[in-house]
Each structure stands twice: as C-alpha cells, then as structure tokens.
Amino acid sequence: MILKERLQPNPIIVKELRSRMRGARAFIILTIMLLALAGALYGIYRLTMLSARYQTIPGPYIGQSLFQSLLMLEMLVICMLTPALTAGAISGEREKLTYEMLLTTPLSPTRILWGKLISALSYILLLLVAAIPLASIVFIFGGVTPMQLVRSFLVLTVVALLLGTVGIFMSAWLGRSGRATVMSYLFVLLLFVSPIIALIVIGVSRQQIPPYELLMINPLSFLFSATLPAPSSSGVGMRVFNGLGFVIAGRFDVMEGDGNILRPLYHYSLPLYLGLTLAFYMLAAQLVKPTRRWRIDLRSGLIAFVIVALVAGSVVYGFYSTKDQYGYWDAEEERFIPPVQPEIIEAVDLE
Amino acid sequence: MNSMYALETKNLTRRYGKLTAVDNLNLQIPAGSLFGLIGPNGAGKTTTMRMLAGLLDPSEGEILLHGESTRSSGSRFRHELGYMPDFFGVYEDMLVWEYLDFFARCYNIPSAQRDTLTSELLDLVDLADKRDEYVEALSRGMRQRLCLAHALVHDPKVLLLDEPASGLDPRARVEMRELLRELGSMGKTVIVSSHILAELSELCDSVGIIERGQLVASGPINQITTQAQLHGQKQGKLLRIQTISEISSTQELLSQMPNVMNAIENEGAIEIEFDGDAEATAQLLAQIVNQGILVTSFGEVSSDLEDIFMRVTVGNQAEGEL
C-alpha cells in the first residue's frame with residue numbers, strides 16, 4: 001500500500017506541469033531561447049571566421065570556441081531562469097493562501113518540496129535538452145569530445161540543482177516571493193563575483209598569485225574547468241577566448257606551462273555544489289513544516305546523517321584515490337610575484 | 001478507544017507572546033452534529049480552527065479526534081479531517097476538475113476513482129457545468145463551493161469550515177447553508193465558525209460561544225438560550241403586540257400593566273419586556289382586549305442567537321472593563 005502510494009506521481013509535479021505547459025507560453029519561451037542561442041552562436045561563428053582572415057585557425061579551435069560560448073550562454077540562461085522559477089515555489093502558495101490547504105492533506109512537506117523542485121528543474125532540463133542539437137553543430141568542426149558534451153550537461157544540471165534549491169529555500173524562509181527572488185539573484189551574483197573579489201583582495205594584499213581553488217565557487221569556472229580541452233603541449237588555448245577561458249577555469253598551470261598539472265577545479269566545485277544543495281535542501285525541508293519546525297525526529301535525522309556521511313565519504317575517497325595524479329602548486333615560492341624594481345634608464349643621446 | 005465525541009479539546013490554549021488567543025478551551029462536539037463556533041472578530045475562532053486542523057501547535061492542552069490524541073496519531077488524522085480556511089486561495093490557472101483531481105491525488109486516491117469522485121463532488125456542490133472552466137472564471141460563491149468540495153475529496157468524518165459564508169451574497173449564503181445541511185444529513189460532523197449568527201441558529205444543533213479566547217457558553221441551542229437568559233441582565237421575555245389602535249395610548253396603557261417592565265415602540269408595533277408565566281401572558285392579552293384595544297397580533301419574540309450573543313458578549317465586556 002505504501003509502495004503503491006509512493007509510485008503515484010507527485011501531485012505537485014502533475015499540477016505544476018499542467019499549468020506551466022498549458023497554452024503557448026512555455027513553447028514560445030523555449031522557441032525564443034533557442035533562437036537567441038542560435039543567433040548568438042552564429043555571431044560567434046562569424047567572428048571566428050573573421051579572425052581566420054589574418055591567421056590560420058584549425059577547425060577544432062572553431063568547434064571549441066563555439067562549444068564554450070554555447071555553454072556560457074546556457075549557464076547564463078540557467079542562472080537567470082532558475083531563481084525566477086523557484087523563488088515563488090513556497091511563498092507563492094502562501095501568498096495565494098493555498099499553502100495551508102496543502103498542509104492539511106497527508107501530502108508531506110518533503111514531497112511538496114520535491115515536487116516544486118523537480119517541476120522547476122524539469123523545465124530547465126527541457127531547455128537544456130532542446131539545446132543539445134544546437135550543441136551538436138560543433139561536431140562539424142571537431143575539437144569537442146562527446147564526453148565533454150556529457151560532462152558539460154552534468155555541470156549545468158548540478159548548477160541548476162543548487163540554484164533551484166536555493167530559490168526554494170529562500171522562498172520557504174522569507175515567505176514573500178519578491179524578497180525570495182531578490183535574495184536568490186543575490187546568491188547567484190555572489191557565486192559569480194565573490195571569488196573574483198577574493199582573488200583580487202588576496203592578490204593585491206599579499207602580492208601573491210592567489211590560490212586558484214577560490215574560483216571553484218564561480219559557476220563559469222566550474223563549467224570551464226570540466227569542459228575545456230586538455231591543453232596541448234605548446235600551451236595554446238582557444239583562439240577566441242585567447243586564454244581567458246583557462247583563467248576562468250583556474251588553469252593557471254597552462255599559462256605557466258611548467259608541466260605540473262593541478263587538480264581541475266571541478267573536483268572541488270562538484271562536492272561544494274552538491275554539499276550546498278544538500279544543506280539548503282535540508283534547511284528548506286525544515287522550513288516548510290507547519291508546526292514543530294526544528295524538532296527533528298529520529299528517522300529523518302538518521303536518514304540525513306547517512307546521506308551526509310555517504311556524500312562526505314565518497315568525496316574523501318575520490319580525493320584520496322586520485323591524489324597521485326595531480327601536482328600541487330607550491331604556494332609561497334612560486335606564487336610570489338617579485339616586486340617591480342624601478343629601473344633607472346640612462347639618458348641616451350639619440351644623435 | 002472510541003468516544004462519543006467526534007472532536008474534543010482539553011484545556012486547549014494558544015499564546016502569541018503575551019496575548020492569549022485561545023484560553024483553556026474545552027469543547028465537546030458529539031459525532032454527527034452540526035456545531036457552530038460563534039464569536040466576534042478576534043475572539044480566537046480561527047486560531048481554534050487552525051489548531052483543530054493541525055496547522056498550529058497548541059501551547060497547551062490537546063485535541064482528541066474520536067477519542068485519540070491528534071499529536072500521537074501522526075498524519076493519520078489528516079484523512080479524517082476536512083478543512084476549509086476562512087481566507088482560502090485557489091489555483092487560478094487550473095481547470096475546475098483539475099483542482100479537485102489535484103487534491104484527490106494529494107490524498108492518494110487511486111486514479112480509477114478520481115474521475116467519478118470529481119464528478120460526484122461537482123454535482124454535490126452544483127458546479128458540474130463548470131467542470132472544464134478555469135477556476136479564475138468562477139464567482140466568489142462558486143469558489144467557496146469548490147473549496148468546500150476540495151475539503152470533501154477524501155470523505156472525511158469531520159469537517160472544519162472557517163467562516164464558510166463570509167463574503168457571500170444572500171443567495172449564495174442560502175445555497176451554502178443547504179449544502180451544509182446536506183452534509184449533516186450524510187452523517188458528517190460539521191464544525192462551522194461564524195460571526196453571522198442568524199445563519200448558525202438555523203443551521204446548527206449546538207453552538208459554542210467564544211469570547212476573548214474563552215468559551216462563554218456551549219451546548220445544544222435550546223439549552224444555550226435558557227443559559228444565556230440567566231446569564232444576561234435582562235430578565236423575562238419579549239412580547240410583540242401589533243394593534244390598529246393608536247400606538248402611544250396603547251403603549252401608555254401597557255406600561256401600567258402588572259409584570260410589564262417596559263414598553264417601547266418598534267417598527268409600528270409595541271414590544272414589551274414581560275416578566276411572567278404563560279397564565280400571566282394570557283391575562284395580559286385578555287386585559288388589553290377588554291380595554292378596547294384592537295389587537296391584530298400578539299406573540300412572544302423568541303430570543304434568537306444574535307440576541308443571546310449580544311447579551312453574553314456585552315455582559316462580559318462590561319465586566320472586563322470594570
């Protein structure tokens with residue numbers, strides 16, 4: 001009986017999808033997004049071809065730069081859409097005065113939360129999946145492996161998952177859709193900007209190349225570190241991004257070219273993002289309860305503990321088992337930027 | 001354990017900071033009854049209803065549903081309770097049948113039954129012809145009925161309706177009343193809160209009057225009436241006499257009669273407060289007729305709920321202010 005209940009589709013998902021996918025709106029949004037992506041992609045293609053007039057650009061480089069641009073655009077779409085889709089999830093029900101009606105049903109708050117999260121994410125996923133044919137154009141030029149495509153898709157999904165959870169958490173916490181939306185976008189902004197500010201502050205104040213691991217917070221760094229092609233022996237990156245992609249991805253090693261391969265950023269980003277998702281989810285699960293919010297019963301406490309232990313365990317195991325593959329940047333010595341000595345230029349008699 | 005009471009509260013108390021919204025409330029609502037919870041705005045009706053529905057934790061005390069504490073029964077009690085909040089929302093971007101279908105899914109009703117259930121409920125609340133319309137397009141009265149239907153999808157034994165008639169026009173109000181009667185005849189225990197008293201006096205078989213979080217009076221309506229009469233400052237009964245003789249002289253005459261406490265003119269008739277039994281009443285009539293007054297109607301104004309309510313609450317307020 002209980003299993004049978006579990007197997008029924010979550011009512012919230014059914015309801016949300018019914019109202020979201022009804023009529024032309026959803027499909028118009030999808031079409032507009034695909035058209036915009038295609039247009040942007042075409043523009044970048046023309047730009048690359050323009051620069052090909054002055055230098056030889058191998059096909060794979062064109063493929064790579066198109067691929068990275070597409071991913072960046074998709075990341076921006078996710079960062080802009082996900083908070084909008086989820087920040088009203090719980091607070092919207094409260095504002096519409098339907099939340100109490102939901103809570104008096106046997107539908108558990110956790111299922112409400114899941115339903116909201118999955119229905120919002122499924123829309124995002126639909127946008128991502130719809131853009132896959134667009135991404136496959138890069139295979140004409142080559143330079144991108146299917147594995148990279150899969151990996152990029154996974155990274156985008158993980159970012160969407162975190163932003164979705166944060167949106168719902170804000171919605172449950174703040175109770176007003178307006179505030180929740182603002183706070184969710186602030187969170188997104190913080191993800192993008194805070195590592196860069198930290199890098200600048202540390203770099204300037206300590207006169208060192210700052211620890212590249214800080215960049216793991218940035219979604220674009222996460223994405224690029226997981227999807228950039230392996231640097232060639234000559235250390236040449238992509239033409240259009242001209243190394244900028246590698247900087248964003250925290251691949252300072254490529255620029256240094258000292259052959260010491262650092263652990264890719266996404267090894268840090270993935271556990272960070274999943275961990276944050278889990279934390280925000282657990283907080284939200286407490287906040288959606290109508291009564292006895294912070295009283296955690298033994299069963300759910302145990303489940304939470306097991307999940308946290310599993311995640312933490314696999315992260316530790318992953319890091320431990322691959323520790324020999326990557327070098328470490330010896331901080332003090334190599335990161336030190338020698339102070340610029342003022343040079344005294346002797347006057348040269350031009351005559 | 002089974003109890004004769006569908007719903008019982010024991011010393012139910014809810015505090016918001018210093019304010020005690022509900023204070024040691026002891027309600028006993030027999031199974032199958034139509035119970036009215038009456039009180040002025042801010043008396044604690046909604047707080048009580050929300051606690052009964054499990055949306056609010058009591059600060060103290062407990063709630064027994066069919067003799068079993070709701071605290072210990074987990075989410076099982078949700079299957080036996082239907083709740084309609086005073087301010088309710090509807091999902092405006094849904095169709096009427098989808099709305100009910102959604103709540104039926106929430107109660108894990110198998111898909112095979114959902115269709116017939118939805119149709120039956122729409123028939124019951126007289127919305128069958130609106131089945132495929134957007135909830136948005138419904139009038140307030142229709143929404144209210146739809147909301148009532150949503151509270152019935154799981155066939156609950158106990159229904160909690162918080163101000164079901166508020167904001168309705170007279171016609172919709174009558175329809176709502178008919179609907180509640182029908183539910184009562186289906187054997188459900190219905191608990192209605194309201195400050196519209198005339199409604200409840202016709203609808204309910206027992207009432208509880210709540211004032212400042214405390215239960216002032218509770219029981220079957222006729223019992224309450226006597227209780228309130230004892231409680232109120234006014235004694236005796238109200239007689240209404242209509243004559244075609246001149247009113248002022250009749251009034252003067254009446255006020256000199258024995259047992260008459262005062263006589264006032266009201267809407268072309270004379271109302272007197274009379275302190276006497278049935279025989280004295282008959283004598284009074286005989287006397288005024290003998291005096292040559294042409295009486296067209298003579299009768300006791302039954303003191304209705306509103307009247308009782310006013311007496312009880314005003315009395316308390318006066319005490320409170322002293």
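Colleague: How many helices and how many strands does the secondary structure of chain A come to?

Modeller: Helices (H or I, at least four residues) and strands (E, at least two) are DSSP runs, numbered from the N terminus, and on that basis chain A has 17 helices and zero strands. Please keep in mind that this is a predicted model, in which local features need pLDDT of at least 70 and side-chain atom pairs count only at pLDDT 80 or more, while totals for chains, interfaces and linings use all residues. Residues are numbered from 1 along each chain as its sequence is written, and chains are lettered from A and ligands numbered from 1 in the order in which they are written.

Colleague: What percentage of the residues in chain A is buried?

Modeller: A residue is buried if 20 or more other C-beta atoms, placed from the backbone, lie within 10 Å of its own, exposed if 12 or fewer do, and partly exposed in between; by this rule buried residues make up 34% of the 351 residues in chain A. Val150(A), which is found in helix H10 (residues 146-174) of chain A, is exposed because it has 11 other C-beta atoms within 10 Å. The C-alpha atoms of Val150(A) and Thr227(A) are separated by 9.3 Å, although the two residues are 77 apart along the chain.

Colleague: What span should helix H3 of chain A have, and which of its residues are buried?

Modeller: The expected span of a helix is 1.5 Å times one less than its number of residues, so the 27 residues of H3(A) (residues 25-51) should span 39 Å, and the end C-alpha atoms are indeed 39 Å apart. The buried residues of H3(A) are Leu37(A), Leu41(A) and Thr48(A), and what covers them includes helix H4 (59-86) and helix H8 (132-136) of chain A. Contact here means that the C-beta atoms of two residues, placed from the backbone, lie within 7 Å.

Colleague: How many residues does each chain bring to the contact between chain A and chain B?

Modeller: Chain A gives 20 residues and chain B gives 25 residues. On the side of chain A that touches chain B, helix H2 (11-21) and helix H6 (99-103) each supply at least two residues, and the largest share, five residues, comes from H2(A).

Colleague: In what order do the four strands of the open sheet in chain B stand?

Modeller: Strands of a sheet pair through backbone hydrogen bonds, either parallel or antiparallel. Two strands are taken to pair if DSSP finds at least two bridges between them, and in chain B the order is E13-E14-E12-E15, with antiparallel pairing. Strand E13 (260-266) and strand E15 (295-301) of chain B stand at the edges with a single partner strand each, so one side of each is left without a neighbour in the sheet. Six bridges join E13(B) to strand E14 (residues 269-274) of chain B, and the partner of Ala263(B) in E14(B) is Ile272(B).

Colleague: Which residues of chain B have a positive phi although they are not glycines?

Modeller: Asn108(B), with a phi of about 60 degrees, and Asp126(B), with a phi of about 65 degrees, are two such cases. Asn108(B) is found in the loop between helix H2 (96-106) and helix H3 (111-124) of chain B, and Asn108(B) counts as partly exposed because it has 18 C-beta neighbours inside 10 Å. Asp126(B) lies in the loop between H3 and helix H4 (140-150) of chain B, and with 14 other C-beta atoms within 10 Å Asp126(B) is partly exposed.
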